Amino acid sequence: GQQANSLHTRAAGSVSGLHIFHKEGDHEDLAPQLVPLDYTTCPDVKVPYELIGSMPELKDNPFRQRIAQVFSEDGDGHMTLDNFLDMFSVMSEMAPRDLKAYYAFKIYDFNNDDYICAWDLEQTVTKLTRGELSAEEVSLVCEKVLDEADGDHDGRLSLEDFQNMILRAPDFLSTFHIRI
Amino acid sequence: VEWSGECLRSCRREVQIKVEEKEDETEESSSEEEEEVEDKLPRRESLRPKRKRTRDVINEDDPEPEPEDEETRKAREKERRRRLKRGAEAKKFVSENEGALGKGKGKRWFAFKMMMAKKWAKFLRDFENFKAACVPWENKIKAIESQFGSSVASYFLFLRWMYGVNMVLFILTFSLIMLPEYLWGLPYGSLPRKTVPRAEEASAANFGVLYDFNGLAQYSVLFYGYYDNKRTIGWMNFRLPLSYFLVGIMCIGYSFLVVLKAMTKNIGDDGGGDDNTFNFSWKVFTSWDYLIGNPETADNKFNSITMNFKEAITEEKAAQVEENVHLIRFLRFLANFFVFLTLGGSGYLIFWAVKRSQEFAQQDPDTLGWWEKNEMNMVMSLLGMFCPTLFDLFAELEDYHPLIALKWLLGRIFALLLGNLYVFILALMDEINNKIEEEKLVKANITLWEANMIKAYNASFSENSTGPPFFVHPADVPRGPCWETMVGQEFVRLTVSDVLTTYVTILIGDFLRACFVRFCNYCWCWDLEYGYPSYTEFDISGNVLALIFNQGMIWMGSFFAPSLPGINILRLHTSMYFQCWAVMCCNVPEARVFKASRSNNFYLGMLLLILFLSTMPVLYMIVSLPPSFDCGPFSGKNRMFEVIGETLEHDFPSWMAKILRQLSNPGLVIAVILVMVLAIYYLNATAKGQKAANLDLKKKMKMQALENKMRNKKMAAARAAAAAGRQ
């Protein structure tokens with residue numbers, strides 16, 4: 001079921017994703033000198049993070065760096081075509097909730113330790129408010145979040161805690177969504 | 001299931017393997033298969049020929065096999081039997097899947113199957129892409145979404161969905177009612193009902209008359225009155241009256257189905273939205289809208305998120321300050337009182353306008369100015385425009401949380417528009433009853449007129465056989481008032497005036513205001529853009545409600561004016577382009593960004609309610625009012641639904657008619673109704689029970705989570721104490 005879903009979302013996102021990768025309609029090609037038009041020999045082309053981060057869909061997103069890092073091969077933000085397609089499939093309308101929750105967890109886990117700890121939360125809140133909240137307010141928010149969502153009370157959110165919390169959110173599906 | 005990038009990639013690989021043809025050219029495949037089979041079998045050196053293969057290398061330093069005794073011999077026998085069985089299973093598997101291995105008889109058929117499967121998968125994918133590309137206005141909506149956020153875009157998504165529904169209604173009415181009558185029915189001028197009466201002929205083609213949908217527009221396929229009541233028309237024997245009736249019922253049924261389907265699809269997404277358990281967590285992880293692609297909107301979003309956090313923090317920190325409860329209650333009561341006054345006032349105003357329009361109808365149309373002719377429609381549109389601002393003003397007294405205030409505002413606007421609609425219908429019913437009374441008089445007159453005509457006809461025969469043949473032009477025949485056409489005309493006029501009011505409001509309220517603010521800002525004392533009046537924000541709820549109510553009018557009027565869905569299609573089409581342009585050009589994103597997700601089912605619920613309330617008057621009119629005697633497809637019948645009985649008698653074999661007559665036996669009907677009522681009651685009880693069980697489980701989960709938290713806290717405290725004690 002879930003495998004089929006992932007394939008379906010990939011199928012749906014794949015053609016438009018390829019379209020963007022090669023040529024963005026009115027916009028310039030993302031990286032014409034890098035991306036070959038012929039993929040039958042499956043070359044290993046990587047688009048650097050700077051280009052990805054300047055895409056119109058992502059340039060205003062405070063988490064664009066984390067998104068690129070999560071979906072890239074080596075976690076450095078440089079993406080191949082496969083990574084690119086994966087990213088848009090997961091962020092598309094048709095991806096299942098569990099898949100989105102899994103990737104949301106990875107995006108918000110800044111230090112990649114498979115847990116969202118207090119430091120990750122501080123980073124998230126600071127990025128969300130562009131540093132307009134005072135340090136005391138930020139730490140209060142992080143405390144409240146851990147209070148609410150940390151089920152096993154180990155001071156950090158595991159994937160289970162996160163999923164348990166996010167799958168009940170009414171706005172999660174409509175906000176964690178990029179349309180291409 | 002744990003998802004990972006590797007999993008995604010392996011899924012892809014799996015599919016590749018399944019779909020691509022295996023290029024097996026060598027013996028390797030079958031021997032590989034055998035090797036795999038062999039892996040399952042225990043390696044008994046003594047029974048196998050020693051084949052030197054890399055996987056099968058037996059270490060020559062292994063000890064000699066031990067001498068056999070009774071037990072080991074029995075064990076060996078058992079092993080051998082087991083191995084033989086497994087060998088037989090493996091052989092069966094291989095022979096069944098020979099084709100897949102590229103070997104044996106099944107190869108070509110299997111290759112063909114694989115190729116077809118691949119082609120089919122490709123075709124499906126292309127078809128999906130084609131369907132996605134066919135969805136109209138996707139780029140426009142994406143542009144709006146990235147600039148204004150998901151809540152404004154939800155209005156345009158709703159508009160597009162309505163367009164689809166109306167398209168289906170239009171196709172039904174056009175192809176099954178208007179087209180057959182146009183192609184196979186009698187042409188204009190052949191029957192009295194299809195001709196403009198002699199008295200009106202002179203002005204029939206004037207623009208003013210056509211704009212009012214009188215004159216030539218009235219006597220055309222656009223309205224009910226044009227249709228002939230012959231049972232079949234054309235060489236195909238198309239049964240027009242039956243088709244008219246059935247299409248009317250089908251439109252209503254289809255609309256119900258589609259709205260209910262949309263609602264049930266959205267219910268799954270809601271899932272307990274009033275939870276406060278994860279307030280801050282949801283604020284942190286779901287408040288950023290990933291759709292935003294515009295720096296100004298992103299700015300607004302950042303600000304609103306910061307505001308949101310600050311408010312939540314102050315709420316969390318501050319103690320419950322006891323506000324002056326009595327003052328607040330009094331102010332709220334006052335506000336509701338004012339709202340009531342406004343609703344009552346608007347209802348009375350509409351009733352008065354309708355009465356006046358009836359008086360005007362009695363007078364000579366040339367003595368009336370433009371305002372008098374369109375008074376009622378203008379009154380309704382203007383009320384719909386200004387009362388919501390009044391409600392907004394009264395809401396200032398109430399001091400509710402913005403989301404709750406929004407709900408109250410929506411509810412009040414809904415009540416206003418509903419009240420207006422129903423007063424309009426009541427006035428219309430009044431008018432209909434008048435016309436039915438009038439009809440009786442006209443009928444009496446016609447018998448007299450007919451008697452005169454017969455006398456003249458006989459006289460013309462007896463006097464002069466070479467005189468001109470006696471002929472009465474259809475335009476000279478006295479006509480009965482056709483109340484159905486009148487109803488259709490009222491709804492069409494209302495729709496048209498609504499459209500014009502909306503467009504004029506947008507042009508003046510949004511566009512001119514934006515121009516004024518933009519260009520006069522250079523020579524004005526205060527900053528027009530940031531102070532008053534500044535640019536308008538897009539009023540989502542007002543627009544959605546207007547859309548819903550217009551659709552209600554379409555549903556009510558389309559039985560009497562088959563052209564109404566077509567007019568609505570035109571309207572929605574132009575609305576889409578016009579409002580998209582207006583939004584991008586003159587509006588600014590809302591300062592306080594509200595999410596649209598929770599409201600979606602709210603709007604659909606209102607649409608369902610309006611659908612139900614709109615079809616009730618229509619059904620009442622069909623069932624209880626007698627159709628006009630000289631216009632429309634049901635003329636001459638006692639009631640409109642008798643066309644079904646007529647069809648059953650004439651077109652179905654007699655035994656079927658007998659069966660259906662038995663079925664309409666009151667005893668049977670009562671039994672069926674009873675069963676349905678019981679079924680509804682049972683389903684309701686089940687649903688309630690399940691909801692209660694659901695809540696119970698949720699509560700249990702909460703309790704469990706709390707307990708866990710307490711326990712973990714205690715353990716953590718104990719651990720800390722132990723650690724401190726040890727130190």
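Modeller: The crossing of H5(A) and H8(A) is right-handed.

Biologist: What makes a crossing right-handed?

Modeller: The near helix is turned clockwise from the far one by less than a right angle; anticlockwise would be left-handed. This is a predicted model, where local features need pLDDT of at least 70 and side-chain atom pairs count only at pLDDT 80 or more, while totals for chains, interfaces and linings use all residues. Residues are numbered from 1 along each chain as its sequence is written, chains are lettered from A and ligands numbered from 1 in the order written, and side-chain values use heavy atoms, without hydrogens and water.

Biologist: Why is H5(A) called oblique to H8(A)?

Modeller: H5 (residues 97-108) and H8 (residues 159-166) of chain A have axes that come within 10 Å and cross at roughly 125°. H5(A) is therefore oblique to H8(A), as angles under 35 degrees count as roughly parallel, over 145 as roughly antiparallel, 65 to 115 as roughly perpendicular and the rest as oblique. Axes are lines fitted to C-alpha atoms, for helices over the stretch in contact, and angles run from 0 to 180 degrees between N-to-C directions. The helices are DSSP runs (H or I, at least four residues), numbered from the N terminus.

Biologist: Which class fits H15 (residues 540-557) and H16 (residues 564-586) of chain B?

Modeller: Their axes come within 10 Å and cross at roughly 165°. That makes H15(B) roughly antiparallel to H16(B). H15(B) passes H16(B) in a right-handed crossing. Contact means heavy atoms within 4.5 Å; residues of H15(B) that meet H16(B) include B:Asn543 and B:Leu547.

Biologist: How do you know that H5(B) and H16(B) are roughly parallel?

Modeller: H5 (residues 138-148) of chain B packs against H16(B) at about 30°, with axes 11 Å apart. The two are therefore roughly parallel to each other. Their crossing is left-handed.

Biologist: Why do B:Glu70 and B:Arg73 count as a salt bridge?

Modeller: Their side chains meet at 3.0 Å, N to O. The pair counts because a salt bridge is a side-chain nitrogen of Lys or Arg within 4 Å of a carboxyl oxygen of Asp or Glu. Both residues lie in helix H3 (residues 70-96) of chain B, 3 residues apart, about one turn of the helix. The whole structure has 20 salt bridges over all chains.
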